[in-house]
Amino acid sequence: MAHLLRIVMIHGHLEGVVELGVDGHTNICGTNASGKTTLQRLVPVFFGELPNRVVPKTRLKFDAFYLPHRNSYLVYEYRREEGDICQAVLTRKSEGGVEYRFVAAPYRPEDYLVQSEAGVTALDYAQWFSGLRREGITTSPKLGATSEYRAVIQNDFTQHGSGAGSRRELLRLRQVAARFSLVRAGQRIRHMEKLVSAVHAKEGKMDTLKTMLAAIFEEDGVELPVTRIRNTKAREWIARMRQSKRLEPLQRALESLERLDRETAELEATLWQLRPQLEADRHRAERAGADLEAQLNERQRGFQTLEQAHEEARGRLNARISELDSVLDQTRRDLDDLQRRFEAYAEADMPGLERDLAALPQWREQRQQLHDHLEEIQRVARESRARLDARLVELGDLQARHGEEIQGLVDALGDEKERSREAHDEEERRLDADYQTRREALDHGYRERLEQGTAAISELKARLAHGAPTPEETREAEQAQARVDQAQSEQRAAAAAVESVRSEHEACREARDLAERELEQGRAQRSRAQARLDGLLAQRDPAQGSLRHFLRHHCPGWEQSLGKAIDPALLERRDLAPQLNPHASDDLFGLTLDLAAIALPEHARDEAALLAEIDAAGQALAQAQEAEQGAEKALRASHAKVQEAAARLERARSSARRAAEEVDYALQARSQCHQRHAAARQAREATWREALEERQAQQQALRDEQRQALQALADTHRAQRLELTADFQGRMAGLDGQIAQHRRQLAEFKEETRRQREELQAAYDRELAEQGVDTVTLSQTRTRLKALDERIRQTEARREELDDYTRFMRVAWGERKPSLVAQEADLARDHQAAERERETLDQQFQAARREHQAAVGELKARRSVEQQLLEMLTPLLARLESLPLASAPAPWARPRATPRSASSGRARHWPSMPGPWRRCAAAARS
């Protein structure tokens, strides 16, 4: 769009460069006499106003005020309608005045300003123009007249002459305008400078603008049209036109009010019939809320009873487990005490002590033998060979008897080892059989529980895989679909009824349009007849002062002469000042015509013909009025039929709207039903999935518990076998030690007998050799006898300790320990069983708690829904009671009853209703 972009003043009445952007909303602020209006007066100059006209008479001329220097510039940057940006540059002439030049480029400061030592200064005119030529910027020729500049900028050349020189100048200006004018070729903005001056002068008052427009019209020779229509007639006609224009909006408003009245009646009837349904829903919601509250209380009491029973059973199990823990700890402490005593006895070498006490008789006999041997050695010198032989025989017999005794002891110990081995094997078989029995019982119990969990998991997986709706959901979905089908069927029937009534309404409208056209034709005919009659009456009774009135009263028979040649319009004029010429003739301006050859025109009839025409025109007017009245009656009848058809069409459309709304409600109810079913299915699936995860976790925990229980049972069995094996090995080691002791004693006895034989033989030999006693041999014999006496004394001193060990091994280790071990195993098994029972009890209680919480949550959700429905219905019923509703519904507003009972608690077929009632009813339905 073409418009002025900015005004740049360089070294004007203000020093320096002043730039004013006017491409948008521009606000010039400043104190009084700061130059705001001075800058504003520059705008009309751009559009071609004479520069000196914008400067007050009390100031200097425009060039002396705004362009005081040789390097003063006034630059107007503007955008042409073609889109390119140009400049209009105003400079001062050397002899005074303003000259103009157009530049085909946007404003750039470097084209006008230069930096010097004194600061930024403007170039001279010659330097500026030379710089533009060097830059290759297109410029226009210099224009010295404001009229030429105005013609170029406005593209208006109507004020220029048509001489030969003027034609050349006009061609030159047209070429400049084609490149630099604001508008494109073929368009002009004439007098734009006057309008802009009027806007900017005297604060732009409307009176100034009107005066300027009048001056423009006067300058262009515009004459206002003259009409002979009287003001009263024009005002009356305008009033009738306004009234006729208001009639159609009023008619539409009336039809709209009638439609609103019908809709209001329908809504009142609908609301009246909706009230008992809402009352029934409120009672049902109250009953359902009370029932749900009772179920919640019953659930809470039942769960409290179950929780109390669980706490009691768990308390008993905890007491039982605590008791078993106490007894098991005591048993384990007793076993540990027995083990410590056994280890103390093992460190004290009780089997060796037992062997030593068993060897005391042999040791005493050996001591006696050594004593006797010592005496024999002392008496060897005195004894004879016979006693030596007797002693050797005695030693042989003693060795044989002692060997038989030790062998008997060894054989007895071997028998005892065999009995111990058989008892150990029997005890191992008993332990193995007991372990297998317990393991099978434990495994059977866990297997049954695992099979139950597997069955429950399979059932939950089947539910998740085949999540079918409940029978009630299926029934509700079928009912919702049946409602949709019924509503759609009724909608189709209503649409067919609408189409039928619309066809009838269109036929009635066509008939009314035909009657209206006939009425218009009758009115036109009546208007023509009235106009003809009025014209004839005007000829009979002309207006006072008109030429016809003068001729009728002063020139009888003028119709046969002047009437055949005069212009009809002149007969009605009053400004001709007619006068009679006593010397007149039949010629007209020296021209004589044969008027007999011309028939009488319609505007100059004679009296008889005029009266006959008036009678004929009156009859034609009467016939036209009668025809017009008939057409009006026919139009009123057609209009009544159209209104009746429109009312029936509106009722049919209302029925169709109600049917459409019922379809929307049915679809919405079906959608809400599907959403509820989907939400319920998702809730059930979430519950089943949670139960499945819990069941799987319980199954895994039960498998871990089974593995731990079997491992604990195996560890207990392994400990019992290790204990039994350790006892058996201990007894075997003791018996083997005794057997080895006896065999060592026998070997020692044999070795002692052999040494005694050798010593007796040596003593005998010495006795025979020198008849003396060997002191070394005697000393060794005395040392051995002393060591044997000390060993016998120490062994006798530990007899009580051996008695305690024997009693410990027979009573505590042999009898009490197996019972304690069996008691420990029984207690551990009972403890594990009690813990498993407590775990099972906790799992059952947790399952019951989850089931209770789910049931309570469902009941609370249902109670919340009923409470929300009740909270929604209460204000609705209050508003219904406050409405002045009719007691009987209109025949077209009869809603359909719901196929379900009021206490069914399901979606209801609500009648159609607008606005907040519809939203409330939809919310109540959901």
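This talk goes through the aromatic pairs, one buried serine and one pocket of a predicted model.

I will start with the rings. A pair of aromatic rings is described by the distance of the centres and the angle of the planes. The structure holds 14 aromatic pairs. One of them joins Phe62 and Tyr66, with 4.6 Å centre to centre and 35° between the planes, and this pair is tilted. Both residues sit in helix α3, which covers residues 62–66. They are 4 residues apart, about one turn of the helix. Phe62 and Tyr66 are both buried.

Next, Phe102 and Phe180. Their ring centres are 5.4 Å apart and their planes meet at 20°, so this pair is stacked. Where do the two residues lie? Phe102 belongs to strand β5 (residues 98–103), whereas Phe180 belongs to helix α7 (residues 164–180). The pair therefore ties together parts that are 78 residues apart in sequence. Are these two rings buried or exposed? Phe102 has 0% relative accessibility, so Phe102 counts as buried. Phe180 comes out at 3%, and buried means under 20%, so Phe180 is in that class too. Phe180 also has a charged neighbour: Arg179 lies over the face of the Phe180 ring, at 5.3 Å from the ring centre.

There is also a cluster. Tyr73, Tyr107, Tyr112, Tyr125 and Trp128 are linked into it by ring pairs.

Now the serine. Ser420 is in helix α13, residues 385–465. Its relative accessible area is 11%, and the cut-off for buried is under 20%, so Ser420 is buried. Which residues does Ser420 touch, leaving aside those up to four places away in sequence? The contacts are Phe728, Arg731, Met732 and Leu735.

Last, the pocket. The second largest pocket has a volume of about 1300 Å³. Its lining consists of 30 residues, and the closest to the pocket centre are Gln251, Glu255, Arg512, Glu516 and His639. Three elements give two or more residues to this lining: α10 (231–347), α14 (471–540) and α17 (607–769). Which element gives the most? That is α17, with 11 residues. By class, the lining of this pocket has 17 charged residues, 8 nonpolar and 5 polar.

To recap, Phe102 and Phe180 form a stacked pair, Ser420 is buried, and α17 gives the most residues to the lining of the second largest pocket.

Methods: Residues are numbered from 1 along each chain as its sequence is written. This is a predicted model: local features need pLDDT of at least 70, side-chain atom pairs count only at pLDDT 80 or more; totals for chains, interfaces and linings use all residues. Side-chain values use heavy atoms; hydrogens and water are left out. On a 1 Å grid over the protein atoms alone, a cavity is a set of points where a 1.4 Å probe fits but cannot get out, and a pocket is an open set with protein on both sides within 12 Å along at least five of seven lines; lining residues have an atom within 4 Å of a point. Grid points are joined across faces, edges and corners, and a volume is the space filled by probe spheres set on the points. Ala, Val, Leu, Ile, Met, Phe, Trp, Tyr, Cys and Pro count as nonpolar, Asp, Glu, Lys and Arg as charged, and the others, Gly among them, as polar. Buried means under 20% relative accessible area, exposed over 50%, partly exposed in between (1.4 Å probe, protein chains only). Contact means heavy atoms within 4.5 Å. Rings of Phe, Tyr and Trp (its six-membered ring) pair if their centres lie within 6.5 Å; planes under 30 degrees apart count as stacked, over 60 as edge-to-face and the rest as tilted. A charge sits over a ring if NZ of Lys or CZ of Arg is within 6 Å of the ring centre and within 35 degrees of the ring normal.
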